[in-house]
Amino acid sequence: MTLYPTDRLALFIDGANLYSSARALSADLDFRKMVESFRNRAVLTRAYYYTAVVEGEEFSPIRPLIDFLDYNGFRVVTKPVKRFTDGQGHTRTKGNMDIEIAVDMLELAPHIDHAILFSGDGDFRRVVEAVQARGVRVTVVSTMKVQPPHIADELRRQADDFIDLADLMAEFGRPRAPSTPPSVRTFAPEASA
């Protein structure tokens with residue numbers, strides 16, 4: 001990925017997708033180091049993090065992460081998880097943030113030079129194409145180093161650049177903490193946070 005010091009940059013993080021990729025790589029991410037890394041290489045105009053939340057729960061395992069990110073300069077975009085019953089009578093949840101990410105990418109496109117999308121979801125191929133048509137370079141971050149790969153081929157091909165999340169772990173990743181419950185350990189801020 002080529003970043004220039006004068007590039008106006010925005011990060012768009014599909015929280016559920018990034019969580020899944022990092023978990024598949026048995027790694028945690030240090031969001032503070034991530035933001036610092038991008039701030040040191042370009043003009044970071046926005047860092048968005050998108051996640052669905054379960055409303056009405058006294059404690060949500062995602063709440064500490066949301067608070068941490070909000071305090072550390074991210075714009076956290078949330079929406080409530082929707083519960084529904086499928087045809088077999090099973091209760092399912094849905095918390096897709098694709099529309100929110102697409103709208104923000106398109107709205108911010110006139111104000112940035114480079115967008116970095118942390119997601120492997122092929123549904124983003126068209127919005128990446130639309131943002132590119134507005135003169136914005138788009139880098140996609142996901143992983144091909146797990147089976148099955150977490151990046152849709154059509155999204156990887158559409159992007160100006162693809163970076164495997166595994167290759168970024170040396171810069172802002174760390175091995176998973178084995179003693180922490182799975183719902184908390186991925187993306188948990190460092191103890192000094």
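Helix α5 covers residues 125-133, and Arg 126 and Glu 129 both sit in it, three residues apart, or about one turn of the helix. In this predicted model, their side chains come together in a salt bridge, with N and O 3.1 Å from each other. Arg 125 joins in too: Arg 125, Arg 126 and Glu 129 are linked in a network of salt bridges. Glu 129 counts as partly exposed because its relative accessible area is 30%, which falls between the 20% and 50% cut-offs.

The structure has 11 salt bridges in total, and two others are worth a look here. One pairs Glu 36 with Arg 39, at 3.4 Å from N to O. These two residues are three apart in helix α2, so about one helical turn separates them. Glu 36 is partly exposed at 37% relative accessibility, and Arg 39 is partly exposed at 40%. The other joins Asp 153 to Arg 156, whose closest N and O atoms are 2.5 Å apart. Here again the partners are three residues apart, this time in helix α6, with about one helical turn between them. Asp 153 has a relative accessible area of 35% and is partly exposed; Arg 156, at 26%, is partly exposed as well.

Aromatic rings make up another set of contacts, with six pairs in the structure. One of them is Phe 12 with Tyr 48, a stacked pair with 5.4 Å from centre to centre and 15 degrees between the planes. Phe 12 belongs to strand β1 (residues 8-14) and Tyr 48 to strand β3 (residues 43-53), so this pair ties together parts that lie 36 residues apart in sequence. Phe 12 is buried, at 0% relative accessible area, and Tyr 48 is buried at 8%. The rings of Phe 31 and Tyr 49 meet in another way: their planes stand at 90 degrees, with centres 5.8 Å apart, so the pair is edge-to-face. It connects distant parts of the chain, with Phe 31 in helix α2 (residues 31-41) and Tyr 49 in strand β3, 18 residues apart. Both of these residues are buried. Tyr 50 also comes into the picture, forming one aromatic cluster with Phe 12 and Tyr 48.

Finally, there is Thr 143, in the loop between β8 (137-142) and α6 (153-158). Despite its place in a loop, Thr 143 is buried, with a relative accessible area of 0%. Its side chain reaches the backbone nitrogen of Lys 145 at 3.1 Å. Beyond its neighbours within four places in sequence, Thr 143 is in contact with several residues, including Ser 21, Leu 25, His 150, Phe 162 and Asp 164.

Definitions and conventions:
Residues numbered from 1 in each chain as written. Predicted model: local features only at pLDDT ≥ 70, side-chain atom pairs only at ≥ 80, totals over all residues. Heavy atoms only, no water. Helix = DSSP H or I, 4+ residues; strand = E, 2+ residues; numbered from the N terminus. Buried < 20%, exposed > 50% of the residue type's maximum accessible area, 1.4 Å probe, protein only. Polar contact = N/O pair within 3.5 Å; in protein donor to acceptor, adjacent residues only side chain to side chain. Contact = heavy atoms within 4.5 Å. Phe/Tyr/Trp six-rings, centres within 6.5 Å; stacked < 30°, edge-to-face > 60°. Salt bridge = Lys/Arg side-chain N within 4 Å of Asp/Glu carboxyl O.
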